[in-house]
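Please open the structure in your viewer and keep the selection tool at hand. The tour proceeds by a series of selections, each followed by a description of what is found there.

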Amino acid sequence: MKQESQKLLGLDRLFIKTYGCQMNEYDSGRMADMMKQAYGLRLVATPDQADVILMNTCSVREKAEEKVYSELGRYKKLKEKRPDMIIGVGGCVGQQEGERIQKRAPYVDIVFGPQTYHRLPEMIKEIRRDRVCLTEIDMPEIEKFDHLPKAESHGAVGCVTIMEGCDKFCTFCVVPYTRGAEISRPVTDILDECRELLAGGAVEISLLGQNVNAYRGPGPDEEEWDFTMLLYAVAALPGLQRLRFSTSHPMEMTSELCVAFAEIPQLMPYLHLPVQSGSDHLLKVMHRGHDRETYFRIIDELRQHCPDIALSSDFIVGYPGESDEDFEQTLDLVRRVHYDSAFCFKYSPRPGTPASKVEDSVPEAVKDARLQQLLTLTREQTREAMQSQVGKTVAVLVEKESRDAGDMAGRTADFKIVHFKGQKRQIGQIMPVRITEAYGQSLRGELILADD
Ligand code: SAH
Ligand code: SF4
Ligand code: F3S
């Protein structure tokens, strides 16, 4: 049956180009699983020989649409040589741009959004049959997850989407418009998917959601479960050694969740908790729902239960109306919290967001200067955090081969990347590594073997 439909459609190789967040990575994995199961398509590393090219796009920051069109220009040349090739644009730009994409790039066969990709095999059959272009971007009521095939395991770390979408509507952000409203998957489905990944060799599970700790899903007892209840249930699965989650919203940080970091041994001491700004005024106009004192209180509570927790955050500089004083407050917050890592962005207006309707008032040169100042401070904190590891022996989950020959790469409990001489067969094992050197974003170490 599989071979038959494969021959019928004349498709063999699939290339997926992924941009954006971890959830897009997850979605691309599911697309690949689905296309393999439906048509026997196999994933290839370059677009040149592919029969189907899918772009899984992100629109969260500047020039997202332009990046997509310039990449598409490259695919157009391939399609001129092989007109039977299928090109699809999915993800958040697909959702936002819809039919505009095919107007500007008529060689695109399919446009789809994050909530419709489960229909890809059908869409492909349709366009093969009817030779038409398709746009599928409505947000259907039905659960996409019910229509996806079982997850295939892809290594030591497995990701599972537990909730999707966002109801927070921060003024600068497109995500509520591209991913839709918050929807939580049933507990049983999540646990089943985790079990599959563990059976396939995963030892770490990372739970994903745009606001992962806003999870409120139906439990097996017919009650609504919150995020912390789900965490305890996932942590109890046999074979699970490490548990992580991302991305959390400060407004959804409960005391129970802070306590979970002390009580669940599998829950790793690392939290990404975006704050965006340290200024009360900006937090308010951004519609973040909390002030700086509330954020400090959460951090204190976390550290009280888990003193070694490594923290990271996202920051936006140059939001409309950001004054020197506002920015100073952000620097002050960073100095007070002390982050192990940080992601800093210059504000860029995104189509359709409330912030895009007010003037993008901070001059580019000021945005640049503030970004540099914030980067200098956060990089210094990262450097200190990395340096503090030198000489320690830490538990590293060996995840993959590193780019340098003979080197393996893995992560510490608090999510720092470590490179060391090792072997491929060690992938999936948690091993003691003595840290010998610290770099800007990673560590170097030596494996400690039992007979040392
Ligand atoms: N759900 C997550 C963040 C999703 S977007 C949360 O609420 O924290 C990831 C990051 O992109 C945001 O945290 C923000 O720092 C940045 N970002 C989003 N919109 C942006 C914009 N218009 N300009 C610059 N950075 C933006
Ligand atoms: Fe965007 Fe805010 Fe929702 Fe995060 S919480 S996805 S920043 S709207
Ligand atoms: Fe980007 Fe969409 Fe993720 S806008 S960050 S791919 S939710």
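Begin by selecting D314 together with ligand 1: a polar side-chain atom of D314 lies 2.6 Å from an oxygen atom of the ligand. Please bear in mind that this is a predicted model.

Next, select Q210, where a backbone N or O atom lies 2.8 Å from a nitrogen atom of ligand 1. Then move to S348; here too a backbone N or O atom is found 2.8 Å from a nitrogen atom of ligand 1. Taken alone, the ligand exposes 540 Å², and the protein buries 90% of that area.

Now display the whole shell around ligand 1. It consists of 15 residues, of which R61, Q210, Q276, D314 and S348 come nearest. Colour the shell by class, and six nonpolar, four polar and five charged residues appear. Which strands each supply at least two residues of this shell? Select residues 310-317, which form strand 15, and residues 341-346, which form strand 16, to see both of them.

Leave the ligand and turn to the largest nonpolar core, which has 59 residues. Within this core, select I162, L207, L231 and F245, the residues that touch the most other members. Centre the view on F245. Leaving aside its neighbours within four places in sequence, F245 is in contact with L207, V212, F227, L231, L257, F261, L267 and L271.

For the final stop, select L14, I16, M35 and I124. These residues are among the 26 that make up a second, separate core.

Technical notes: Residues are numbered from 1 along each chain as its sequence is written. Chains are lettered from A and ligands numbered from 1 in the order in which they are written. This is a predicted model: local features need pLDDT of at least 70, side-chain atom pairs count only at pLDDT 80 or more; totals for chains, interfaces and linings use all residues. Side-chain values use heavy atoms; hydrogens and water are left out. A residue is near a molecule or strand if one of its heavy atoms lies within 4 Å of it. A polar contact is a pair of N or O atoms within 3.5 Å; within protein, one must be able to donate a hydrogen and the other to accept it, and residues adjacent in sequence count only if both atoms are side-chain atoms. Accessible areas come from the Shrake-Rupley method with a 1.4 Å probe; for residues, only the protein chains shown count as cover. Helices (H or I, at least four residues) and strands (E, at least two) are DSSP runs, numbered from the N terminus. Ala, Val, Leu, Ile, Met, Phe, Trp, Tyr, Cys and Pro count as nonpolar, Asp, Glu, Lys and Arg as charged, and the others, Gly among them, as polar. A nonpolar core is a set of buried Ala, Val, Leu, Ile, Met, Phe, Trp, Tyr and Cys residues joined through side-chain atoms within 4.5 Å. Buried means under 20% relative accessible area, exposed over 50%, partly exposed in between (1.4 Å probe, protein chains only). Contact means heavy atoms within 4.5 Å.
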